Amino acid sequence: MIEMNNVHFSYGETKALQNVTINEKEPIIIGLWGRNGAGKTTLMKLLAGLEKPESGTVLVNGIAPYNYSGSMRHVAYMHENHPFSELWNVSDALRFASYFYQNWDGELANELVDLFELPRHKKIRKFSKGMQTLTKIVIGLASKTPVTIMDEPTNGLDADMRKLFYEVLLETYEDHPRMFLLSTHHIDELKPLCEKIAIVDQKTVIRYEETEMLTVQGILLTGERAAIEELTAGYNILEERTLGNVVNVMLDDSFSETWAERAKAAHVNIEKASLQDYLVSLTKNQKKEVQQ
Ligand SMILES: Nc1ncnc2c1ncn2[C@@H]1O[C@H](COP(=O)(O)OP(=O)(O)OP(=O)(O)O)[C@@H](O)[C@H]1O
């Protein structure tokens with residue numbers, strides 16, 4: 001479904017992606033996580049055919065999307081600044097989308113507009129940020145394109161609407177399995193939906209793994225310095241904080257029963273770090289290593 005091999009891309013003199021390789025054949029939901037400026041948007045633009053790779057190959061559903069007029073049959077990209085015309089209301093946007101997307105599901109689009117309570121005749125440019133996001137969600141889901149890419153799909157949504165979005169995404173995915181690539185800065189909320197997660201950092205994809213494998217990573221240990229040092233000798237410490245006599249560290253290892261027992265025996269408090277905290281520490285750490 002998506003293939004990126006040794007892809008490099010620059011905006012003029014600014015290198016945005018280097019040596020990116022990510023391949024996925026299955027129609028699964030993928031989370032795309034990275035810090036600001038990591039390269040997520042550029043990666044999505046390359047997959048959507050909005051930019052041409054400087055070198056390397058980009059294929060979506062077997063086609064090279066750049067400059068290919070039929071690319072919208074294969075890939076839909078709902079980006080942050082979606083180009084809604086100033087004149088368009090929701091009905092206009094849905095009508096235009098129905099011309100572009102071969103598998104367009106008008107019935108689903110109308111159901112979602114009602115579900116999200118979007119006013120059909122108000123100009124989209126006058127919508128709140130959350131309402132604009134919901135309009136893009138309607139188009140992305142109803143497009144039923146084999147690869148649907150959504151940039152920060154929960155941007156501006158309140159907690160209720162985020163929940164509703166997760167529910168309808170899963171429902172439409174179950175009815176019509178296809179690939180979704182969803183970028184986010186906040187992985188903990190999105191991770192129950194995602195079978196795999198790609199982590200973009202320092203202009204490349206540093207990890208692409210099953211969500212299940214990633215979520216066990218990251219151990220928080222709190223206790224006296226001597227006990228912590230003995231327990232963690234030989235392990236990769238991602239972050240360390242000292243509060244008087246007490247040290248708190250995050251280890252780059254899988255949380256397990258064995259670790260829980262070792263910590264208990266050493267009178268050290270142990271917790272599983274959240275995936276978000278683990279990824280933030282992991283990518284901070286890589287930054288330090290690069291700067292050295
Ligand atoms: N149009 C552009 N012209 C020049 N440089 C750009 C342009 N767009 C992005 N960049 C640079 O490319 C790099 C990757 O940016 P990109 O927008 O892909 O990151 P991102 O992970 O999507 O960031 P964010 O989470 O902040 O949206 C950054 O260094 C950014 O400054």
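How much of the chain is helix and how much is strand over residues 2-227? In this predicted model, that stretch is 33% helix and 30% strand, and its end C-alpha atoms sit 47 Å apart. The range itself comes from UniProt, where an unreviewed entry lists residues 2-227 as "domain: ABC transporter".

The domain assignment cuts things up in its own way, giving domain 1 (2-213) and domain 2 (216-291). Taken over C-alpha atoms, the centres of domain 1 and domain 2 are 34 Å from each other. Where the two touch, domain 1 puts in 11 residues and domain 2 puts in eight. On the domain 1 side of this contact, α6 (187-190) and β8 are the elements that give two or more residues. That side of domain 1 is a mix, with five nonpolar, two polar and four charged residues.

Strand β8 is worth a second look. It covers residues 196-201, and six of its six residues are buried. Which residues point which way from β8? Lys196, Ala198 and Val200 go one way, while Ile197, Ile199 and Asp201 go the other, and all of them are buried.

Next come the partners of β8. With strand β3 (residues 29-34), β8 runs parallel, and five bridges join the pair. One spot to find in the structure is tryptophan 33, whose bridge partner in β8 is isoleucine 199. With strand β9 (residues 204-210), β8 runs antiparallel, and here six bridges do the joining. In this pairing, valine 200 has valine 205 of β9 as its bridge partner. β8 and β9 make a hairpin with two residues between them. In the turn of that hairpin, glutamine 202 has a positive phi of about 50°.

That leaves the ligand. Which residues surround the ligand? Going along the chain, they are Tyr11, Thr14 and Ala16, then Gly34, then Asn36, Gly37, Ala38 and Gly39, and finally Lys40, Thr41 and Thr42. Two elements, β2 (14-24) and α1 (40-48), give two or more residues each to this shell. The largest share comes from α1, with three residues. As for chemical character, the shell around the ligand divides into seven polar residues, three nonpolar and one charged.

Conventions. Residues numbered from 1 in each chain as written. Predicted model: local features only at pLDDT ≥ 70, side-chain atom pairs only at ≥ 80, totals over all residues. Buried ≥ 20, exposed ≤ 12 C-beta atoms within 10 Å, placed from the backbone. Helix = DSSP H or I, 4+ residues; strand = E, 2+ residues; numbered from the N terminus. Pairing = 2+ DSSP bridges. Near = placed C-beta within 6 Å. Nonpolar A, V, L, I, M, F, W, Y, C, P; charged D, E, K, R; others polar. UniProt positions renumbered as here; feature names shortened; annotations may be inferred. Domains from an automatic or database assignment. Contact = placed C-beta atoms within 7 Å.
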